[in-house]
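Trainee: I am new to this structure and would like a close look at a single part of it, the largest pocket and what lies around it. Could you take me through that part slowly, explaining the terms as you go?

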Amino acid sequence: MTTVTFLTEDARIIGFDVQGHSGWGGSGEDIVCAAITSAVRLVEATVNDVMGLCAAVKVREADASISLRLPGGLANTAESTCQNLLTGLMVYLAQLHDEYPDNIEVMEG
C-alpha cells in the first residue's frame, strides 16, 4: 500500500510524504503507482521548476518514498498557488483512494 501524509502547520499545508508501492500490479503495470507518481511529479515540477521556489525534495528508491517541504516566507501569490496545488493533490489522491482503497491511504499529519 502507498501511504500519503500531508503535513500542516496551522492552516498551511507545508508538504507531504509518500511511501511504499501500491501493490495493485507488478512493475511497469501498476496503474495506481503510476497515477500517484505522475501527480506528485507534476506538483514538484510546478513548485520548483516553474515557480522556482526551491522546495526541499527527497527521493529514496530503496523504500519507494518521496517527500516535499515548501520553503517558509513565500510571497502571497506563491503561497496561494502552492496551497492550491497541494490541496488539489490531496483531493486527487483522496479520490484515488476512493477508487482503490486497498492500495492508497491519504492522511493529514
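Mentor: The largest pocket is lined by 17 residues, and those that lie nearest its centre are His-21, Thr-37, Ala-64, Ser-65 and Ile-66. Before going further, please keep in mind that this is a predicted model, in which local features need pLDDT of at least 70 and side-chain atom pairs count only at pLDDT 80 or more, while totals for chains, interfaces and linings use all residues. Residues are numbered from 1 along each chain as its sequence is written, and side-chain values use heavy atoms, with hydrogens and water left out.

A pocket here is an open set of points on a 1 Å grid over the protein atoms alone, where a 1.4 Å probe fits and protein lies on both sides within 12 Å along at least five of seven lines; lining residues have an atom within 4 Å of a point. The space in the largest pocket comes to about 440 Å³, a volume being the space filled by probe spheres set on the points, which are joined across faces, edges and corners. Helix H1 (31-50), strand E3 (56-60) and strand E4 (65-69) are the elements that give two or more residues to this lining, where helices (H or I, at least four residues) and strands (E, at least two) are DSSP runs numbered from the N terminus. The most comes from H1, with 6 residues. By kind, the lining divides into 8 nonpolar, 5 polar and 4 charged residues, with Ala, Val, Leu, Ile, Met, Phe, Trp, Tyr, Cys and Pro counted as nonpolar, Asp, Glu, Lys and Arg as charged, and the others, Gly among them, as polar.

Ala-64, one of the residues nearest the centre, is found in the loop between E3 and E4, and its phi is near 50°, a positive value in a residue other than glycine. A positive phi also occurs at Cys-54, where the value is near 60°; Cys-54 is in the loop between H1 and E3, and it counts as exposed because its relative accessible area is 65% (exposed means over 50%, buried under 20% and partly exposed in between, with a 1.4 Å probe and protein chains only).

From strand E4, which helps to line the pocket, we can follow Ser-67. Ser-67 is buried, because its relative accessible area is 10%, and, leaving aside neighbours within four places in sequence, Ser-67 is in contact (heavy atoms within 4.5 Å) with Phe-16, Asp-17, Ala-56, Val-57 and Lys-58.

Phe-16 leads on to the largest nonpolar core, which has 26 residues, those with the most contacts inside it being Phe-6, Phe-16, Ile-36 and Leu-93. Such a core is a set of buried Ala, Val, Leu, Ile, Met, Phe, Trp, Tyr and Cys residues joined through side-chain atoms within 4.5 Å. At least two residues of this core come from each of strand E1 (2-9), strand E2 (12-19), H1, H2 and strand E5 (104-108). In soluble globular proteins, nonpolar side chains tend to be buried together. Beyond its neighbours within four places in sequence, Phe-16 has contacts that include Phe-6, Val-40, Ile-66 and Leu-86.

Ile-66 thus appears both among the residues nearest the pocket's centre and among the contacts of Phe-16.
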